[in-house]
Amino acid sequence: MRSWVFKALCSVVLEGTYSNLYLKNHLKEVPKKDQALCTRIFYGTIQNYDYCQYIYQQFTNRKRIESKIDVLLVMSIYQIKFLDKVPDYAICNEAVNLAKKVNSKSAGFVNAILHKVIQNEVKLPEDEVERIAIMNSIKPWLIRMWCSQYGLDTAEKIAMHSNTTLPIVVRRNSLLINEENFLKDPYIERIKDSELYVYIGEQISSHPYYVKGYMSAQDPGSYQIARTLDVKCEEKVLDVCSAPGTKAMALAQFMNNRGTIDCLDIHEHRVQLIKKDAKRLHVDIIHAYCKDATKILDLGLYDRVLCDVPCSGYGVLARKPDIKLRMKSEDMDSLIKIQREILASAASHVKENGCLVYSTCTLNKKENEKQIEYFIKNHPGFALEKEETLFPNEYSGGFFIAKLVRNTH
C-alpha cells in the first residue's frame, strides 16, 4: 500500500502531475479497504510537505538529498506526526524497505533520520512569520504578504484554514430534484444557513446522485460568485473563463434553464468538460466555445458577464495543495497583465445597465482590489457596486468578488 503512495507522491512532487488527476486515474489500483488511508497519506503529505521536510532537515548536515529519498522521508514523517493508529516502528521499517529499492546506500540514512524524528521534539523558529509558515507548509514570503495586506492575525487564520482538509460541499440541481428527496440520501447533510450541502460518502463521481445529475461539487465561495451575478430567467449571460463550468451550471439553475449562457475557454479539451457536465445536469442553455478570453470580438452584448480570471490560487490551497509545492513569488506579477486584458475584453461585451462580475480564488490585493482600481480608472463607464473578500473557513476556500455595473451613456 505504502509503495503505491510513494509512487503517487513521486509523480506529483517530482514530475508535476496534478494530485486530483493522479487519484482519479490510479486509486482503483489500491484495494478498496485501503483507499481511504492511501488518500489521507497522499494528500496529507502534500499539504504538510514543508513542515515535514523542515523536521528532518534539523537532523542532517547533508546539503543534497536524493529527490526520491526526500519524498520518502517527508511521507514517513507525515505518518509519524499525524497518524495515531500506525506504530512508528512499522512506518520506519516500511520506509527502510522502500529506500532499499531507491538506493540501497540510503537505507541506513533513512532509518537514522526517522529514529531521530521519533525521539526528539520539533523545534520551531522563534520568528512569528517563520513559525506560521513552517507550521502550515506555506512559503514565508506569502505569509509576509498576507501580514502586510490583511494583518498578522488574519494571515495566521488564512494559513491555518489553508492547511486543513475541507469537506466535499455539493450544490443540489434544483432542475431535477427537490430538497426533501435530496436529503433522503444518508450521505448528504445540509449546511446550516446555506443553500449547499456536505457530502460524506466516498468517491462522489460514483454516487447515483452525481451520475444522474442531481448534484455537483462546488466550493461555497465559488457558489457565492455565481450568486453575485444575480441572473434572471431569459437573460443572455457570458462566462469568459468558464471551464470546467461549475459556476455556469449554477447560473443555469438560477435561470431555471431559460435564457442563454455562452461559456468560453482557451483549451478545447476543457470546452469538452463544460459540454459533458451540461449534458450530465440536463442543462441545455449552455453553449461552450474554444476562444481566447483576451481576444473576444464577435460575440455581441450580454446582460451579465462573469470574468473569473486565471490567478495565483492562494485562496484555495486547502483544495489544491499542489500549489504549495510549486508556488514562486514572481508568478503573481506574471498574471497581472493577462487579468487586465481579460477584464477589459469581457467589459466590452456588457450591455448598458448590464452587470460585470470579476472574481478570483486568490488572496492577494494586487490581483484583486488593485485590479479593480486600475479597471475603473481606465473604464469610467463602469461603477463598482460592491466588492468583498471571502476568507477561508471550515467549509470554503478564499475568494475575491467585485460586482460592476455599466452606466447608461
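The exercises below, each with a worked solution, concern a predicted model.

**Exercise 1. The four-stranded sheet**

Give the strand order of the open sheet of four strands, and find the strands at its edges.

Solution.
- Step 1. The order is 2-3-1-4, and the pairing is antiparallel.
- Step 2. Strand 2 (188–190) and strand 4 (215–217) each have a single partner strand, so they stand at the edges and one side of each has no neighbour in the sheet.
- Step 3. From one strand to the next, the twist averages 40 degrees.
- Step 4. The pairing of strand 2 with strand 3 (residues 197–199) is antiparallel and comprises three bridges. Within strand 3, Val-198 is the residue opposite Glu-189.
- Step 5. Helix 14 (residues 246–254) lies across strand 1 (168–172) and strand 4, and runs at about 35 degrees to strand 1.

**Exercise 2. The seven-stranded sheet**

Work out the order of the open sheet of seven strands, then follow the pairings of strands 8, 9, 10 and 11.

Solution.
- Step 1. The strands follow the order 7-6-5-8-9-11-10, with mixed pairing.
- Step 2. The edges are held by strand 7 (286–290) and strand 10 (382–390); each has a single partner strand, so one side of each is left without a neighbour in the sheet.
- Step 3. Ignoring direction, neighbouring strands are turned against each other by 15 degrees on average.
- Step 4. Strand 8 (residues 302–308) and strand 9 (residues 350–360) run parallel and are joined by six bridges. Arg-304 has Cys-355 of strand 9 opposite.
- Step 5. Strand 9 pairs with strand 11 (residues 399–406) in the antiparallel sense, over six bridges. Here Thr-360 has Phe-400 of strand 11 as its bridge partner.
- Step 6. Strand 10 and strand 11 run antiparallel, joined by eight bridges. Phe-400 in strand 11 is the bridge partner of Thr-389, and Arg-406 in strand 11 is the bridge partner of Phe-382.

**Exercise 3. Cover on the sheet**

Which strands of the sheet do helix 14 and helix 15 touch, and how many residues of strand 9 and strand 11 are buried?

Solution.
- Step 1. Packed on the sheet, helix 14 touches strand 5 (236–239), strand 6 (260–265), strand 7 and strand 8. Its direction makes about 180 degrees with that of strand 6.
- Step 2. Helix 15 (residues 268–280) also packs on the sheet, touching strand 6 and strand 7. The direction of helix 15 makes about 170 degrees with that of strand 7.
- Step 3. In strand 9, eight of the eleven residues are buried, and the strand is mostly covered.
- Step 4. Strand 11 has six of its eight residues buried, so the rest of the structure largely encloses it.

**Exercise 4. The largest nonpolar core**

Identify the helices that supply the largest nonpolar core, and place Val-5 and Leu-114 among their contacts.

Solution.
- Step 1. This core has 48 residues, and Trp-4, Val-5, Phe-42, Leu-73, Val-110 and Leu-114 have the most contacts inside it.
- Step 2. At least two residues come from each of helix 1 (2–15), helix 2 (19–26), helix 3 (35–47), helix 4 (49–57), helix 5 (67–82), helix 6 (88–102) and helix 7 (107–119). Helix 5 gives the most, with nine residues.
- Step 3. Beyond residues up to four places away in sequence, Val-5 touches Cys-38, Ile-41, Phe-42 and Met-75.
- Step 4. Leu-114 belongs to helix 7. Its relative accessibility is 0%, so it counts as buried, the cut-off being under 20%.
- Step 5. With neighbours within four places in sequence left aside, the contacts of Leu-114 are Leu-73, Ser-76, Ile-77, Ile-80, Cys-92 and Ala-95. From Leu-114 to Val-96 the C-alpha distance is 9.6 Å, at a separation of 18 residues in sequence.

**Exercise 5. Gln-218**

Is Gln-218 buried or exposed, and which residues does it touch?

Solution.
- Step 1. Gln-218 sits in the loop between strand 4 and helix 13 (220–228).
- Step 2. The relative accessible area of Gln-218 is 3%, so the residue is buried.
- Step 3. The side chains of Gln-218 and Ser-222 are joined by a polar contact of 3.0 Å.
- Step 4. Not counting residues up to four places away in sequence, Gln-218 touches Val-169, Val-170, Arg-171, Leu-196, Tyr-223, Thr-246, Lys-247 and Ala-250.

Notes
Residues numbered from 1 in each chain as written. Predicted model: local features only at pLDDT ≥ 70, side-chain atom pairs only at ≥ 80, totals over all residues. Heavy atoms only, no water. Pairing = 2+ DSSP bridges. Axes fitted to C-alpha atoms, helices over the stretch in contact; angles between N-to-C directions. Contact = heavy atoms within 4.5 Å. Core = buried A, V, L, I, M, F, W, Y, C linked by side-chain atoms within 4.5 Å. Buried < 20%, exposed > 50% of the residue type's maximum accessible area, 1.4 Å probe, protein only. Polar contact = N/O pair within 3.5 Å; in protein donor to acceptor, adjacent residues only side chain to side chain.
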